[in-house]
Amino acid sequence: MTTGCLFCRIVSRDIPAAVVYEDEQILAFDDINPQAPVHTLVIPKLHLSSIAETTPEDAPLLGQLIRVGSQIARDKGVAETGYRLVANTGRHGGQSVLHLHLHLLGGRPMQWPPG
Ligand code: AMP
Ligand code: ZN
């Protein structure tokens, strides 16, 4: 746990969240400010600040994050219509919380390119 990290505090249940999935390594909860009918964040319980900070040892965990995102998309009924799994990274990537997370966005058509 990294002191002061919002998502670490959600992992430790210091801060409440609408949890939709949990296993030993991963937590998923609905975004507090949804940008689509389905907007869920999938995070590692371990504090990693971003995709840019990961090492080869993190590859299985990163793979699991994607798999969990796709499972939640099925559970939430957007797998057939389609969805996005997005990892905003760094300043230009629009990352505001420095704890690695995947956004699962679905339930409406998405634009390309993103803003
Ligand atoms: P990013 O801008 O990619 O770092 O995404 C951070 C996301 O965390 C944003 O979509 C926020 O709406 C979301 N967020 C911030 N605080 C909370 C919270 N307490 N519970 C759930 N989602 C949150
Ligand atoms: Zn953290």
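The accessible surface of the protein amounts to about 7,000 Å², and carbon and sulfur atoms account for 53% of that area. The model is a predicted one. Of its 115 residues, 34% count as buried.

**Fold and dimensions**

The secondary structure consists of 2 helices and 5 strands. Along the sequence these elements are arranged in the pattern α-β-β-β-α-β-β. The radius of gyration is 14 Å, close to the 13 Å expected from the globule rule for 115 residues, so the protein is as compact as a globular protein of that length. The C-alpha trace spans about 35 × 30 × 25 Å along the principal axes.

Contacts can also be sorted by sequence separation. Taking contacts between residues at least 6 apart in sequence, 51% join residues at least 24 apart.

**Charges**

The protein carries 9 positive and 11 negative charges. The mean position of the positive charges and that of the negative charges are 7 Å apart.

**Backbone features**

Two places in the backbone deserve a note. The first concerns Arg13, which sits in the loop between α1 (6-11) and β1 (19-22). Its phi is near 65°, a positive value in a residue other than glycine. Arg13 has a relative accessibility of 44% and therefore counts as partly exposed.

The second concerns the peptide bond between Trp112 and Pro113, which is cis, with omega about 0°. Pro113 belongs to the segment after β5 (102-106).

**Cysteines and residue accessibility**

With a disulfide taken as a pair of cysteine sulfur atoms within 2.5 Å, the count is 0 disulfides. Cys5 is buried, with a relative accessible area of 9%. Cys8 is buried as well, at 3%. Both values are under 20%, the cut-off for buried, whereas a residue is exposed over 50% and partly exposed in between. The table lists these two cysteines together with Arg13.

| Residue | Relative accessible area | Class |
|---|---|---|
| Cys5 | 9% | buried |
| Cys8 | 3% | buried |
| Arg13 | 44% | partly exposed |

**Summary**

In outline, the predicted model has 2 helices and 5 strands, and its radius of gyration is 14 Å. Its local features include the positive phi of Arg13 and the cis peptide bond joining Trp112 and Pro113. Cys5 is buried, Cys8 is buried, and the disulfide count is 0.

Note on methods: Residues are numbered from 1 along each chain as its sequence is written. Chains are lettered from A and ligands numbered from 1 in the order in which they are written. This is a predicted model: local features need pLDDT of at least 70, side-chain atom pairs count only at pLDDT 80 or more; totals for chains, interfaces and linings use all residues. Side-chain values use heavy atoms; hydrogens and water are left out. Helices (H or I, at least four residues) and strands (E, at least two) are DSSP runs, numbered from the N terminus. The radius of gyration is taken over C-alpha atoms; the globule rule is 2.2 Å times the number of residues to the power 0.38. Buried means under 20% relative accessible area, exposed over 50%, partly exposed in between (1.4 Å probe, protein chains only). Contact means heavy atoms within 4.5 Å. Accessible areas come from the Shrake-Rupley method with a 1.4 Å probe; for residues, only the protein chains shown count as cover. Lys and Arg count as positive and Asp and Glu as negative; His and the chain ends are not counted. The place of a charge is taken as NZ of Lys, CZ of Arg, CG of Asp or CD of Glu.
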